[in-house]
Amino acid sequence: GAPPGVVLSGIGDAGAAAVAEHAMALLLALVRRLAPMVLATQEGRWDRGVATGMRSLEGLQLGLVGCGGIGQATARRAQAFGMRCVGINRGGANPAPALFERVLPLARRDEALAGCEALVISLPLTPETRGVLAAPAWRACRRGVVVVNVGRGATIDTASLVAALDEGHASGAGLDVTDPEPLPPGHPLWGRPDVVVSPHVAGGGSAAVTKRVCELVAENARRFARGEPPRCPLAIPTP
């Protein structure tokens, strides 16, 4: 919808830290089974049976599907919990060997996912990444994989995720983004104890993020006034 000649810019990695925190919060909520604990609290029930099925992040293999700023910020935090991190990106280059044990390209998705017990998806949505997480991907992971998406909803094939949860290939999903978004009333992802949905708010709540965004906007205003290209330029899709 942008007119010809308009230059767009994004915010780059300004929000990566907050989104990574949200990804870790969703991971922890799922493996520590916080959703059923919250429900028990609301109902006034002391239910120690909730411990059945609890897990620890320590020692788990985490697949970071997307190794940009968000993926790297998440890997850094995951390492603090004792997780082992492998990466998947479009080209297969490892941008941070200190964070990722290995990085493989999307074309080798199933090989990269083998052994993963948790996934964090932070991919942008492109023709190449649309629906890239579908039935074969869930089967490639360890049975009972926990899935978190803080990228774009349509990188996951939603019907296959529901089936993976029903069949036990996935044991939980934390979704800050969905396809469709928002989920309509009655959607099969609503009301499940193994799913936590947040309404596309992973980048919020951080004064540090706001400060970085404001600094970037100010810098791009100065660049525009000088006739210079902006930082973090965005391509306008061709209709």
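**Reading a predicted fold, step by step**

Biologist: Let me start with one pair in the sheet. Which residue in β3 stands opposite Val65?

Modeller: Opposite Val65 in β3 stands Ile88. Keep in mind that this is a predicted model. To read a pair like this, step back to the strands that hold it. Strand β2 covers residues 61-65, and strand β3 covers residues 84-89. The two pair in the parallel sense over 5 bridges.

Biologist: How does the chain get from β2 to β3, and what is the handedness of that crossover?

Modeller: The path leaves β2, passes through helix α3 (residues 69-80) and arrives at β3. This β-α-β crossover is right-handed.

Biologist: Which other strand is joined to β2 by 4 bridges?

Modeller: That is strand β5, residues 118-121, and it runs parallel to β2. For a residue to look at, take Leu62, whose bridge partner in β5 is Ala118.

Biologist: Now the faces of the strand. Are the residues of β2 buried or exposed?

Modeller: For burial, go through a strand residue by residue, then ask which side each one is on. Here 5 of the 5 residues in β2 are buried. Gln61, Gly63 and Val65 are on one side, Leu62 and Leu64 on the other, and both faces are covered.

Biologist: What is the general idea behind a nonpolar core?

Modeller: In soluble globular proteins, nonpolar side chains tend to be buried together. In this model, the largest nonpolar core has 30 residues, and Leu113, Leu119, Leu133, Trp138 and Ile156 touch the most other members. Among the elements giving two or more residues to this core are β3, β5 and β7. Helix α6 gives the most, with 4 residues.

Biologist: Can nonpolar residues also sit on the surface? Which ones form a patch there?

Modeller: Val6, Leu8 and Leu234 form a nonpolar patch on the surface, and together they have about 220 Å² of accessible area. Val6 lies in the segment before β1. Its relative accessibility is 36%, so Val6 counts as partly exposed.

Biologist: Let's turn to charges. How many salt bridges are there?

Modeller: The count comes to 12 salt bridges. When you read one, ask where each partner lies and how exposed each is. The side chains of Arg192 and Asp166 meet at 2.8 Å, N to O. Arg192 is in the loop between β7 and β8 while Asp166 is in helix α6, so the pair ties together parts that are 26 residues apart in sequence.

Biologist: Why does Arg192 count as buried? And how does Asp166 count?

Modeller: The cut-off for buried is under 20% relative accessible area. Arg192 has 18% relative accessibility, so it counts as buried. Asp166, at 56%, counts as exposed.

Biologist: Which residues are joined by salt bridges that share partners?

Modeller: Follow Arg226. Its side chain meets that of Glu219 at 4.0 Å, N to O, and that of Glu228 at 3.1 Å, N to O. Glu228, with 35% relative accessibility, counts as partly exposed. Shared partners join Glu219, Arg222, Arg223, Arg226 and Glu228 into one network.

Biologist: One last try: where is Pro188, and how far is it from Ala159?

Modeller: Pro188 is in the loop between β7 and β8. In sequence, Pro188 and Ala159 are 29 residues apart, and in space they are 9.1 Å apart, C-alpha to C-alpha. At 45% relative accessibility, Pro188 counts as partly exposed.

Technical notes. Residues numbered from 1 in each chain as written. Predicted model: local features only at pLDDT ≥ 70, side-chain atom pairs only at ≥ 80, totals over all residues. Heavy atoms only, no water. Buried < 20%, exposed > 50% of the residue type's maximum accessible area, 1.4 Å probe, protein only. Pairing = 2+ DSSP bridges. Right-handed = clockwise from strand over helix to strand, strands pointing away. Patch = residues over 30% accessible without salt bridge, like charges linked within 9 Å, V, L, I, M, F, W, Y side chains within 5 Å. Areas by Shrake-Rupley, 256 points an atom, 1.4 Å probe, with all protein chains shown as cover. Core = buried A, V, L, I, M, F, W, Y, C linked by side-chain atoms within 4.5 Å.
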